[in-house]
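Visitor: Could you take one part of this protein and look at it closely with me, explaining each term as you go?

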Amino acid sequence: MTPSRRNFIKTLSTASALAATGGVNTVLGNTAPAYIRNLVGNSPNDRIRMATIGMGIQGNSDTQAALRNPDVELVAVSDLYDGRLVHAKTAFGADKALFATRDFREVLARPDVDAVLIVVPDHWHDHITIEALKAGKHVYCEKPMVQHLNEGKPVIDAWKKSGKTMQVGSQGISSAAYQEAKRLVQAGEIGPINYVEATYDRFGAIGAWNYSIPPDASLTTVDWDRFLGDAPKRPFDAKRFFRWRNYRDYGTGVAGDLFVHLLTGVHFVTNSLGPTRIFSSGNLAYWNDGRDVPDVMTTVMEYPKTDAHAAFQMVLRVNFANAGKINNVTRIVGSEGQIEFSQNSLILTKKKLSIAPGYGGYDSYFTFTPEVQQEFVKQYDAQYPPDTRTAEPAKEIRFDAPKGDDAHAQHFGNFFKNVREGSQNTVEDPIFAFRAAAPALACNESYFEQKVVNWNPVTMTKNVPTPVVTAKKPVVRKKK
Ligand SMILES: NC(=O)c1ccc[n+]([C@@H]2O[C@H](COP(=O)([O-])OP(=O)(O)OC[C@H]3O[C@@H](n4cnc5c(N)ncnc54)[C@H](O)[C@@H]3O)[C@@H](O)[C@H]2O)c1
């Protein structure tokens, strides 16, 4: 340990002791050095010790991204397939003993774990999050925060009660391009917003969630009963375990898996709380492999006017069999321009209409008689002087994320910063995250129950549904 680090920890121990006696705020107040005030919310150890629950594809990716931040250490992992526990020990525990278990509760019981990354199938998100918060752990939970609409409030309540830091994992909003998009929209660069569209199309088996199944998958190597959790009991099925997204019992379909990223981005950029009406249409067009969720889905959402933005509609689409051109961007359109962005780049287009509407071309003007045309022009000239006739020239400005922009690590960085500050103000806290997850989950409800879902984004509650097809009473004409 370097001398400065030793001194730092010594100073910190004093601060922590004060914190333990409840005197830190009054004793240190605002005069204490920022680093002391910031760290008293955390353990006396300045390193954050984390554990990952769920060491599948994203569990590995999240763990690596988290560890790209300084002073963070992985001390434990949990998973239900033994092969992944063995893999994690080699990948992350080569230089030390990494605690590995099938039972996530053993991870939560460990006093050396400050924060947990919850990277399990969607049907486990709420259970493990609530237990982790109760156990006094800070939580980074993958998106969508919950699997069902009624699970949002219990997670939010548990988070508030715990006082712990929580971040949800739609890391795109921590990219430089999303932040630039937010800056431009908030600066009024595209005028009042009226329309948003975003897609998440794919073309390929892996993109359509048919991930590889290890040949040794069996009831011996997989903890099948624990995987099922609160889902219906059924015999072991490796496809359901390794391709859980294809089944409603464990996943949230394309809406919960992918729309949620798009919603999170749009809410972040526009400061919106969410839509009030949601309607989804979809079908299983290509991947007829036993899955019970659609592989094509289109959704229309209505966003009401609020203090933050004008009223707008949003159209979202996922097509897992798009053999056409795929250009997955979010387009936010306003009356003075648009921004089209992804995680890496952004194009701002600015246009402004002239005040004078013009005449001629494909217009009714040519259908008037010559005398009426003459009179029309006279009146037009009087109403629209030359300075009202020129539109602002269209401008296109491109923004490329700086080389090495690492949204994933930055999203974790925001989480760890808040953990260190003892703050709950992460960029994707459970309230923000539920406001993005809920409309995505409502898409499934709309699709499967064939109805428009009415949602209150302020209170985060559902309203009375509107039937999609209102059967009109036939007009019966009386015979004379
Ligand atoms: N933020 C992103 O961009 C992003 C990308 C991919 C996945 N995700 C999210 O990450 C989560 C995991 O997805 P994935 O692709 O890694 O799935 P995966 O199937 O590859 O991994 C999930 C792992 O969780 C383990 N698991 C299941 N239940 C468990 C339990 N009760 N306790 C401990 N371990 C358990 C399984 O054994 C499996 O290894 C999902 O919620 C998904 O939506 C987010």
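**The core around M50**

Guide: Leaving aside residues up to four places away in sequence, M50 touches A66, V72, L74, V113, D114, A115, V116 and L117, where touching, or being in contact, means that the C-beta atoms of two residues, placed from the backbone, lie within 7 Å. This is a predicted model, in which local features need pLDDT of at least 70 and side-chain atom pairs count only at pLDDT 80 or more, while totals for chains, interfaces and linings use all residues. Residues are numbered from 1 along each chain as its sequence is written.

M50 belongs to the largest nonpolar core, which has 97 residues, and M50, I53, V116, I118, F259 and A437 are those with the most contacts inside this core. A nonpolar core is a set of buried Ala, Val, Leu, Ile, Met, Phe, Trp, Tyr and Cys residues joined through C-beta atoms within 7 Å; a residue is buried if 20 or more other C-beta atoms lie within 10 Å of its own, exposed if 12 or fewer, and partly exposed in between. Helix α15 (residues 430-449) supplies the largest share of this core, 11 residues, helices being DSSP runs of H or I with at least four residues and strands being runs of E with at least two, numbered from the N terminus. Because domain 1 (3-173 + 409-429) and domain 2 (174-402 + 433-467) both give residues to this core, the core lies between them; the domain bounds come from an automatic or database domain assignment.

The two domains also share the surroundings of the ligand, since the shell around the ligand draws at least three residues from each of domain 1 and domain 2. This shell has 27 residues, the closest being G54, G56, Q58, L80 and E142, and a residue is counted as near if its C-beta atom, placed from the backbone, lies within 6 Å of the molecule. Two or more residues come from each of α4 (57-67) and α10 (224-228), and α4 gives the most, with 3 residues.

For the wider setting, the protein chain has 15 helices and 17 strands, and 40% of its 480 residues count as buried. Among contacts in the chain between residues at least 6 apart in sequence, 72% join residues at least 24 apart.
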